[in-house]
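I opened this model to see how its helices and strands are put together, and I kept my entries in the order in which I looked things up.

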Amino acid sequence: METWEWMKANLPSFLKDLEALVRRESPSGDLPGLKEAAGFLEEAFGPLTGRLSRKDTPRGPVLLLKREGEGKPVLILTHYDTVHPKGSFPEAFRLEREKAIGPGVYDMKGSIIALLYALRHAEATGRRLPALEILFTPDEEVGSPESRPLIEAAAKKARAALVLEPPTAEGDLKVARKGVGLYRLKALGKAAHQGVEPEKGVNAVLELAHQILRVAALEDWEKGTTLGPNVVRGGTVSNVVAEEAEVEIDLRIWTLEEARRVEEGLKALTPVLPGARLELSGGLNRPPMEPTPESLALFQKARAIGESLGLALRPGRVGGGSDGNFTAHLGVPTLDGLGLLGGDAHQKTEYVVVPEIPRRAALLAELLYAL
Ligand SMILES: [Zn+2]
């Protein structure tokens with residue numbers, strides 16, 4: 001396919017742009033780093049057809065590129081923050097055999113450069129694109145607190161959402177993602193001297209231990225519902241009956257129905273020890289991304305294009321959340337995993353597979369033409 005050839009011919013300049021973006025390290029929350037990366041994106045995407053605007057938020061700049069075209073816009077979601085504190089890698093960018101290695105190269109700065117080249121390809125060849133709204137956000141890795149309302153506002157006008165998170169390690173696209181909830185359950189007891197008058201105390205750690213088993217009983221592995229009581233805090237010193245204890249619980253579900261069932265179960269918990277009290281806080285952070293006939297049709301389109309590129313794409317389902325959870329929840333057909341092939345996301349060995357870059361960039365460009 002011609003597009004693939006064009007991407008192959010442009011691979012050296014692709015790698016230069018990728019290096020430039022990756023070297024501008026931009027961990028979530030690092031405003032100077034995020035601003036520098038956003039500045040590079042403005043330089044790279046600014047000259048393209050369309051209008052690029054910038055909104056500065058407390059968590060960094062959000063960029064929006066609007067491109068006119070026929071019909072309701074297709075929304076493209078990208079994030080340029082990474083999970084890696086500055087200097088985490090021995091070198092911010094390096095090429096090693098077939099790999100390009102660096103912070104965020106796979107999740108998802110490589111995707112952003114693939115998008116850049118898809119748009120450049122359209123300009124170079126004059127091929128027609130649909131109306132596009134492209135968001136570049138600085139806070140996805142921390143749950144998108146600032147970007148979420150902007151993503152949702154754009155999604156409400158969109159006919160489809162493409163999310164440029166990386167594909168699975170096997171190269172599959174993502175049609176379903178689990179929803180994510182974070183809850184905090186606190187047990188409140190009464191302090192007392194452990195040696196002198198333990199009977200006057202109410203042990204919050206003991207109370208919490210009872211509750212944690214009840215929390216775990218809400219799991220349903222067959223339905224993919226998991227509750228991880230992964231952080232526990234409690235007590236002060238060993239000779240005082242513990243007055244307070246709390247647990248942080250990570251909830252993952254495939255469906256909203258399961259989210260509701262679990263939340264009701266958590267709210268229904270009652271203390272076991274006389275005199276103890278419970279407090280529950282938190283909730284669903286990202287609703288599940290459940291496949292719909294429309295989102296599967298979108299996947300079929302991508303699959304057919306993949307086939308012409310020699311890719312056998314499958315509809316992947318993954319436990320981690322993304323901004324696609326928000327758009328899918330609003331009923332917008334959403335397809336995720338359209339970034340570059342690679343691996344070791346969130347690790348200090350994060351990489352993309354260089355020889356596969358042209359093919360994945362061509363897939364993205366052709367999918368845009370097909371919409
Ligand atoms: Zn990501």
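**Entry 1: a four-stranded sheet and the helix on it**

I am working from a predicted model, and I began with an open sheet of four strands, which run in the order 4-5-16-15 with antiparallel pairing. Strand 4 (94-96) and strand 15 (342-343) each have a single partner strand, so they stand at the edges and one side of each is left without a neighbour in the sheet. I then followed the pairing of strand 5 (residues 99-101) with strand 16 (residues 351-353), which is antiparallel and extends over three bridges. Within that pairing, I found alanine 100 opposite valine 352 of strand 16. Helix 4 packs on this sheet, where it touches strand 5, strand 15 and strand 16, and its direction makes about 55° with that of strand 16.

**Entry 2: helix 3 against helix 4**

Helix 4 (residues 105-125) led me to helix 3 (residues 31-45), and I noted that the two axes come within 11 Å and cross at roughly 15°. The angle makes helix 3 roughly parallel to helix 4, and the crossing is right-handed. On the side of helix 3 the contact is made by Phe40, Leu41, Ala44 and Phe45, and on the side of helix 4 by Ile112, Ile113, Leu115, Leu116, Leu119 and Arg120. Sorted by class, the contact of helix 3 with helix 4 holds nine nonpolar residues, one charged residue and no polar ones.

**Entry 3: helix 1 against helix 10**

How are helix 1 and helix 10 oriented to each other? I found that helix 1 (residues 2-9) and helix 10 (residues 357-370) pack at an angle of about 135°, with their axes 8 Å apart, and the two are therefore oblique to each other. The crossing of helix 1 past helix 10 is right-handed. Here Thr3, Trp4, Met7 and Lys8 of helix 1 meet Pro358, Arg359, Ala361, Ala362, Ala365 and Glu366 of helix 10. The residues of the contact of helix 1 with helix 10 divide into six nonpolar, one polar and three charged.

**Entry 4: a second four-stranded sheet**

I next looked up another open sheet of four strands, ordered 10-11-9-12 and antiparallel in its pairing. Its edges are strand 10 (226-234) and strand 12 (277-286); each has a single partner strand, so one side of each is left without a neighbour in the sheet. On average, neighbouring strands of this sheet are turned by 15° against each other, direction ignored. Strand 10 pairs with strand 11 (residues 244-253) in the antiparallel sense over eight bridges, and I noted glutamate 248 of strand 11 as the bridge partner of valine 231.

I also recorded two helices on these strands. Helix 6 (residues 204-216) lies across strand 9 (179-188), strand 10, strand 11 and strand 12, and runs at about 15° to strand 11. Helix 7 (residues 256-267) lies across strand 9, strand 10, strand 11 and strand 12 as well, running at about 165° to strand 12.

**Entry 5: strand 13 and proline 291**

Which side chains of strand 13 are buried? Along strand 13 (residues 315-318) I saw the side chains alternate, with Gly316 and Val318 pointing to one face and buried, while Pro315 and Arg317 point to the other and are not. Strand 13 pairs with strand 8 (residues 173-177) in the parallel sense over four bridges, and arginine 317 of strand 13 is the bridge partner of alanine 176.

Both of those bridge partners came up again when I looked up proline 291: leaving aside residues up to four places away in sequence, proline 291 touches Val175, Ala176, Leu296 and Arg317. Proline 291 is in the loop between strand 12 and helix 8 (293-308), and with a relative accessible area of 33% it is partly exposed. Alanine 328 lies 37 residues from proline 291 in sequence, and the C-alpha atoms of the two are 8.1 Å apart.

**Entry 6: the whole chain**

I closed with the overall values, and counted 10 helices and 16 strands for the protein. The C-alpha atoms fill a box of roughly 85 × 45 × 35 Å along the principal axes. Of the 371 residues, 54% count as buried. Among contacts with a separation of 6 or more, 80% are accounted for by residues 24 or more positions apart.

Methods
Residues numbered from 1 in each chain as written. Predicted model: local features only at pLDDT ≥ 70, side-chain atom pairs only at ≥ 80, totals over all residues. Heavy atoms only, no water. Pairing = 2+ DSSP bridges. Axes fitted to C-alpha atoms, helices over the stretch in contact; angles between N-to-C directions. Contact = heavy atoms within 4.5 Å. Parallel < 35°, antiparallel > 145°, perpendicular 65-115°, else oblique. Left-handed = near helix turned anticlockwise from the far one by under 90°. Nonpolar A, V, L, I, M, F, W, Y, C, P; charged D, E, K, R; others polar. Buried < 20%, exposed > 50% of the residue type's maximum accessible area, 1.4 Å probe, protein only.
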